[in-house]
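This report describes the fold of one protein chain and the surroundings of its ligand. The sequence and the structure come first, and the description follows.

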Amino acid sequence: MTKSMKQTRLVTIKHDKLVEQFKVVELDDWKKVADALARLIEPGFIVALSGPLGAGKTTLTQYLAALLGAPKRAISPTFALMRIYNVPRTTYDVRRRGSKSDVRNSAKRTFPSGLSLRVEDSEADIRRLVHVDAYRIEDEKDLVVLDLDEELSEPGTVVLIEWPENARSWLKKYAKQTVQVMIELI
Ligand SMILES: Nc1ncnc2c1ncn2[C@@H]1O[C@H](COP(=O)(O)OP(=O)(O)OP(=O)(O)O)[C@@H](O)[C@H]1O
Ligand SMILES: [Mg+2]
């Protein structure tokens, strides 16, 4: 046996100038990736999950949902284009997540005068994850049905999208608030 039975995944998280990389071997290694992601995202963000079939995009989403405290639910074996995980308010406290947390737990508000300030607000917590699998989207017009702009504007929402290459023009509008997660099988 020359090759290990276990497939190693190299996971790269990118947002602005920040780049973090993780090696995922065991299933539970997704926890540290989910944790890094949880520190980075805030309501109104999109997580673009790219990587080949079976890379672990759905698995990472489930680890993130679990980390944020979403109740476990049976995964429907039938194909679902979109699944929503509700995150209870109390189980995951961003303030306990280390030094960056004070900033994370506030929301940037723009006032009518153009003034832009961060406002301390518990509403800045993530309350729902909208998980979209765009694998079967061939024509981006079909995405309209999912009303993703509306979903994203719901308070406390983060949208995670698998196969972001099938939603390129929608994602363009949100480049600044998009975190890229790239999974490579190595
Ligand atoms: N580190 C790992 N070790 C072992 N198995 C893993 C690991 N990561 C993911 N898997 C398994 O690989 C399989 C495929 O994972 P997953 O469904 O998350 O991939 P995906 O990227 O969402 O694929 P698709 O593009 O088909 O949606 C699952 O059975 C999952 O449990
Ligand atoms: Mg998947």
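Which residue in β9 is the bridge partner of Leu-10? The bridge partner is Glu-184. The model in which this pair is found is a predicted one.

**Strand β1 and its two partners**

Strand β1 covers residues 9-15 and pairs with β9 in the antiparallel sense, over six bridges. Besides the pair formed by Leu-10 and Glu-184, Arg-9 stands opposite Leu-185 in β9. Strand β1 also runs antiparallel to β2, and seven bridges join these two strands. Thr-12, for instance, stands opposite Gln-21 in β2. Strands β1 and β2 form a hairpin with two residues between them.

**The sheet and the overall chain**

The pairs just described belong to an open sheet of seven strands, in the order β2-β1-β9-β3-β8-β7-β4. The pairing in this sheet is mixed. Its edge strands are β2 (18-24) and β4 (82-86), each of which pairs on one side only. From one strand to the next, the twist averages 15°. As a general point, strands of a sheet pair through backbone hydrogen bonds, either parallel or antiparallel.

The protein chain as a whole has five helices and nine strands. Along the sequence they follow the pattern β-β-α-β-α-β-α-β-β-β-α-β-α-β. Of the contacts between residues at least 6 apart in sequence, 70% join residues at least 24 apart.

**The nonpolar core**

The protein chain has 186 residues, and buried residues make up 28% of them. The largest nonpolar core contains 37 residues, and Val-47, Ile-161 and Val-181 have the most contacts inside it. At least two residues of this core come from each of α1 (30-40), β3 (46-50), α2, β7 (128-133), β8 (157-162), α5 (168-172) and β9 (178-185). In soluble globular proteins, nonpolar side chains tend to be buried together.

Which residues does Val-181 touch, not counting those up to four places away in sequence? They are Val-11, Ile-13, Leu-37, Val-47, Ala-48, Leu-49 and Leu-60. Val-47, in this list, is also among the residues with the most contacts inside the core.

**Loop residues**

Two residues other than glycine have a positive phi: for Asp-16 the value is near 50°, and for Trp-163 it is near 55°. Asp-16 is in the turn of the hairpin that β1 and β2 form. Trp-163 is found in the loop between β8 and α5. A further loop residue, Val-25, has its place between β2 and α1. The table sets out the surroundings of these three residues.

| Residue | Loop | Other C-beta atoms within 10 Å | State |
|---|---|---|---|
| Asp-16 | between β1 and β2 | 8 | exposed |
| Trp-163 | between β8 and α5 | 18 | partly exposed |
| Val-25 | between β2 and α1 | 11 | exposed |

Why does Val-25 count as exposed? Val-25 is exposed because it has 11 other C-beta atoms within 10 Å, and a residue with 12 or fewer is classed that way. Trp-163 has 18 such atoms and is therefore partly exposed, since the buried class begins at 20.

Leaving aside neighbours within four places in sequence, Val-25 is in contact with Lys-6 and Thr-8. The C-alpha atoms of Val-25 and Arg-9 are separated by 6.4 Å, although these residues are 16 residues apart along the chain.

**Around ligand 1**

What kinds of residue form the shell around ligand 1? The shell divides into four nonpolar, five polar and five charged residues. Of the 14 residues around ligand 1, those that come nearest are Ala-55, Gly-56, Lys-57, Thr-58 and Thr-59. Helix α2, which spans residues 57-67, gives the most to this shell, with three residues. Helix α2 also supplies at least two residues of the largest nonpolar core.

Conventions. Residues are numbered from 1 along each chain as its sequence is written. Chains are lettered from A and ligands numbered from 1 in the order in which they are written. This is a predicted model: local features need pLDDT of at least 70, side-chain atom pairs count only at pLDDT 80 or more; totals for chains, interfaces and linings use all residues. A residue is near a molecule or strand if its C-beta atom, placed from the backbone, lies within 6 Å of it. Helices (H or I, at least four residues) and strands (E, at least two) are DSSP runs, numbered from the N terminus. Ala, Val, Leu, Ile, Met, Phe, Trp, Tyr, Cys and Pro count as nonpolar, Asp, Glu, Lys and Arg as charged, and the others, Gly among them, as polar. Two residues are in contact if their C-beta atoms, placed from the backbone, lie within 7 Å. A nonpolar core is a set of buried Ala, Val, Leu, Ile, Met, Phe, Trp, Tyr and Cys residues joined through C-beta atoms within 7 Å. Two strands pair if DSSP finds at least two bridges between them. Axes are lines fitted to C-alpha atoms, for helices over the stretch in contact, and angles run from 0 to 180 degrees between N-to-C directions.
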